[in-house]
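Visitor: Could you show me this protein and explain the words people use for it?
Guide: Sure, have a look first.

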Amino acid sequence: GLAAKDMLTNLFGGLVLYLDRPFHVGEKIRVMGSDVEGWVEEIGWRKTRVRNYERQPIYVPNAMFGNSAVINPSRISNRRIKQLVGLRYQDLDSLQEITREITCYIRNHSEVDLHIAIEVRLIGYGASSLDVQIYCFAACRNYEDFMRIQEDILLNAAFTIRKHGADIAFPTRTLDIQWPSKKLE
């Protein structure tokens, strides 16, 4: 009876996959709450075969898809760029002009989605840097295009920072050494 219940649950899961079509063969998926992540190779009535990053096949009972959220990056409309850039504390006077110029560059970038928030803001004081967050969305679905657009924005940010005589911070420590005073004789 228990085996029949599992089989019926998997068959029902297969039917739901067929009707809802949350993913197709060839798309990359990730099942939340599990280690299942990879490319869909086959969708059957009882199980679905997913090939992971190590190229190993994973046979997933279709019932799992009815009980778990499935992320399908193949169907995203755009990709988020969220990067933290640290500027030196000595560059505080240039910070507003730098963030304004980077924001302007992003707003004029032909491959950035202008319908979603674009933010270049000071978000914190780090141990060794003024932390500036660059936040926008690349108007693409393809990962390689996303990486190219993100690189373009980050390189422009670095060039803008340097153009203003500022620089990207790296972890530093200041050591205050006090020498013993000499005795006057």
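What follows is a chat about why certain labels fit this model.

Guide: Before we start: this is a predicted model, where local features need pLDDT of at least 70, side-chain atom pairs count only at pLDDT 80 or more, and totals for chains, interfaces and linings use all residues. Residues are numbered from 1 along each chain as its sequence is written, and side-chain values use heavy atoms, with hydrogens and water left out.

Visitor: What makes arginine 55 "exposed"?
Guide: Its relative accessible area is 51%. Exposed means over 50%, buried means under 20%, and partly exposed is in between (1.4 Å probe, protein chains only). So arginine 55, at 51%, counts as exposed. You'll find arginine 55 in the loop between E3 and strand E4 (57-61); helices (H or I, at least four residues) and strands (E, at least two) are DSSP runs, numbered from the N terminus.

Visitor: What is there to say about the phi of arginine 55?
Guide: It is positive, about 70 degrees, although arginine 55 is not a glycine. Most residues other than glycine have a negative phi.

Visitor: And why is proline 73 called "partly exposed"?
Guide: Proline 73 has a relative accessible area of 23%. That falls between the two cut-offs, so partly exposed is the right label. Proline 73 sits in the loop between strand E5 (70-71) and E6.

Visitor: Which residues is proline 73 in contact with, leaving aside its neighbours within four places in sequence?
Guide: Lys28 and Ile29. Contact means heavy atoms within 4.5 Å. There is also a C-alpha separation of 9.5 Å between proline 73 and asparagine 142, which are 69 residues apart along the chain.

Visitor: How do you know that glutamate 41 and arginine 51 meet in a salt bridge?
Guide: The rule asks for a side-chain nitrogen of Lys or Arg within 4 Å of a carboxyl oxygen of Asp or Glu. For this pair the N to O value is 2.8 Å, so the label fits. The two are ten residues apart, with glutamate 41 in strand E2 and arginine 51 in strand E3. They also belong to a network of salt bridges linking Glu41, Glu42, Arg49 and Arg51.

Visitor: How many salt bridges does this rule give?
Guide: The count comes to twelve. Another one joins arginine 148 and glutamate 111, at 2.9 Å from N to O. Arginine 148 lies in helix H4 and glutamate 111 in the loop between H3 and E7, so the pair ties together parts that are 37 residues apart in sequence. As for accessibility, arginine 148 is partly exposed at 38%, and glutamate 111 is partly exposed at 26%.

Visitor: What makes aspartate 167 and arginine 162 a salt bridge?
Guide: Their closest N and O atoms are 3.3 Å apart, so the pair passes the rule too. Aspartate 167 counts as partly exposed at 24%, whereas arginine 162 counts as exposed at 58%.

Visitor: How do you know that E7 and E8 pair?
Guide: Two strands pair if DSSP finds at least two bridges between them. Strand E7 (residues 119-125) and strand E8 (residues 130-138) have six bridges, so they pair, in the antiparallel sense. In one of these bridges, leucine 122 has valine 132 in E8 as its partner. A hairpin of four residues joins E7 to E8.

Visitor: In what order do the five strands of the open sheet come?
Guide: The order is E4-E3-E2-E1-E5, with antiparallel pairing. What makes E4 and E5 the edge strands is that each pairs on one side only. Strand E1 (residues 28-31) and E2 share three bridges, and arginine 30 has glutamate 37 in E2 as its bridge partner.

Visitor: What is the "largest nonpolar core" made of?
Guide: A nonpolar core is a set of buried Ala, Val, Leu, Ile, Met, Phe, Trp, Tyr and Cys residues joined through side-chain atoms within 4.5 Å. The largest one here has 22 residues, and those with the most contacts inside it include Ile81, Leu87 and Cys136. Strand E6 (79-87), helix H3 (95-107), E8 and helix H4 (143-163) each supply at least two residues of this core. Apart from it lies another core of ten residues, among them Phe23, Ile29, Val40 and Val60.
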